[in-house]
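The following exercises concern the contact between two chains and the packing of two helices. Each task is followed by a solution in steps.

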Amino acid sequence: MKCDQIKEFLMTDYTDGELSNERKKEIEDHLNNCCSCKEFEQALRKVAIDPFKNIEEVKPPDYVWERVKNSIDHSKEQDQIDIVPGIRGFFSSIFAPRRAVFTAIPAVVIIFLAIFLTRTHLNNKIMVNTYLNEQAEFFAYLDNEVNGGSVDLGTDIEKYLL
Amino acid sequence: MQDISKDIIIEAAKGDLESFEEIYRASSGFVYSVVLRIANNRHDAEEVTQEVFIKIYKNLKNFKFESSFKTWIYRIAVNAAINTSKKIVKGRYKRSDFDVAIQTEPGKDMTREVIERKDKEKVIASLLGMLNSDQRTCMVLRAIQGLSYKEIAEALKININTVRSRLKRAKEILLTSKRKEVIKNEM
């Protein structure tokens, strides 16, 4: 193996214990015969390996557990107080400010449709009534005119029938 | 991190606080150490550790034993630590921290052991401060916590070769920095 490859392994798998025994032996044999790689390995261990060895695990202060426990107890209490969380959530979603627009739009449409249909229905009724009244007046007029003889029916058959 | 039995995990998932406390005792050291070293701030480390365990408690019921429990905790802790460290302003890690450690005189009440430990912590913080978030995370998990490349890859959800290249780059940076220091001292 070339020195560049050896140095690659020294910086990674060799010093991190990731190599097979066979490959490890190969590198050790090279180090025994190459001063440059040997010096590189020593410098690497001094700066990047040894300072991190035998570091004590640092435990968190006791109050961290107390805070975790309190947070868990608090969220359990919240779940119990919320007897019908679904209903609360439902109302929250209705009245949530960012959803107000989405709630208002369909409401406005529904109101508009109701007014439109109601007015249309009313208008139709008025038109029908007006029509009927006009027809009634016309027939009344005809009735008066015919009986009063002022209307000339014109043809003999009409005279015969009447 | 200590092993945790399946029964404890199942009980804790049902809401049993005693079982959850066992999980906390077994893994809080790992979580806190990792966060502390990646974020390099005790206050942030305490807050993040708290958040991590609350998150673990709430999501225990979703843990399906498809991966190892340790890997699952590693993942939550490391993600939280990385997110915190990315919020830290650049330049907060300063080379001068190491110089301060050398110049600071020890207090009278401190034992030699305590002084050495504190100095060592400062050296580590200084070295890790030279690395970016990704390199620092891999160095902490490998060099301090002793995770294998495979475990690191699973925790970070990255390729094993990515782990290798980040560690290589991290060590190159540390070597280069040391060489510059030696040259500076010689001048």
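For the first exercise, a helix axis is a line fitted to C-alpha atoms over the stretch in contact, and the angle between two axes runs from 0 to 180 degrees between N-to-C directions. The model is predicted.

**Exercise 1.** Determine how helix H4 and helix H8 of chain B cross, and which residues make the contact.

*Solution.* Step 1: two packed helices are described by the angle between their axes and the distance between the axes. Step 2: the axes of H4 (residues 69–87) and H8 (residues 149–156) of chain B come within 8 Å, crossing at roughly 65°. Step 3: the crossing of H4(B) past H8(B) is right-handed. Step 4: H4(B) contributes Thr71(B), Tyr74(B), Arg75(B), Val78(B) and Ile82(B) to the contact, while H8(B) contributes Glu154(B), Ala155(B) and Leu156(B). Step 5: by class, these residues comprise five nonpolar, one polar and two charged.

**Exercise 2.** Describe the extent of the interface between chain A and chain B.

*Solution.* Step 1: count the residues; 34 residues of chain A are in contact with 42 of chain B. Step 2: state the area; about 3500 Å² is buried between the two chains, and carbon and sulfur atoms give 64% of this. Step 3: identify the leading contributors; Phe52(A), Val58(A) and Trp65(A) supply 21% of the area that chain A buries against chain B, more than any other three residues.

**Exercise 3.** Analyse the polar and charged pairs across this interface, and the side of chain A that takes part.

*Solution.* Step 1: the rule finds four salt bridges between chain A and chain B, whereas the whole structure holds 17 over all chains. Step 2: in one of them, Arg164(B) pairs with Asp13(A), with the closest N and O atoms 2.7 Å apart. Step 3: Arg142(B) forms a salt bridge with Asp16(A), and here the closest N and O atoms are 3.4 Å apart. Arg142(B) lies in helix H7 (residues 133–144) of chain B and Asp16(A) in the loop between H1 and H2 of chain A, so this pair joins two chains. Step 4: the interface also shows 15 residue pairs in polar contact. Step 5: helices H1, H3 and H4 of chain A each supply at least two residues to the side that touches chain B, and H4(A) gives the most, with ten. Step 6: that side of chain A has 18 nonpolar, four polar and twelve charged residues.

Conventions:
Residues are numbered from 1 along each chain as its sequence is written. Chains are lettered from A and ligands numbered from 1 in the order in which they are written. This is a predicted model: local features need pLDDT of at least 70, side-chain atom pairs count only at pLDDT 80 or more; totals for chains, interfaces and linings use all residues. Side-chain values use heavy atoms; hydrogens and water are left out. Contact means heavy atoms within 4.5 Å. Buried area is the accessible area (1.4 Å probe) that two parts lose on being put together, summed over both. A salt bridge is a side-chain nitrogen of Lys or Arg within 4 Å of a carboxyl oxygen of Asp or Glu. A polar contact is a pair of N or O atoms within 3.5 Å; within protein, one must be able to donate a hydrogen and the other to accept it, and residues adjacent in sequence count only if both atoms are side-chain atoms. Helices (H or I, at least four residues) and strands (E, at least two) are DSSP runs, numbered from the N terminus. Ala, Val, Leu, Ile, Met, Phe, Trp, Tyr, Cys and Pro count as nonpolar, Asp, Glu, Lys and Arg as charged, and the others, Gly among them, as polar. A crossing is left-handed if the near helix is turned anticlockwise from the far one by less than a right angle, and right-handed if clockwise.
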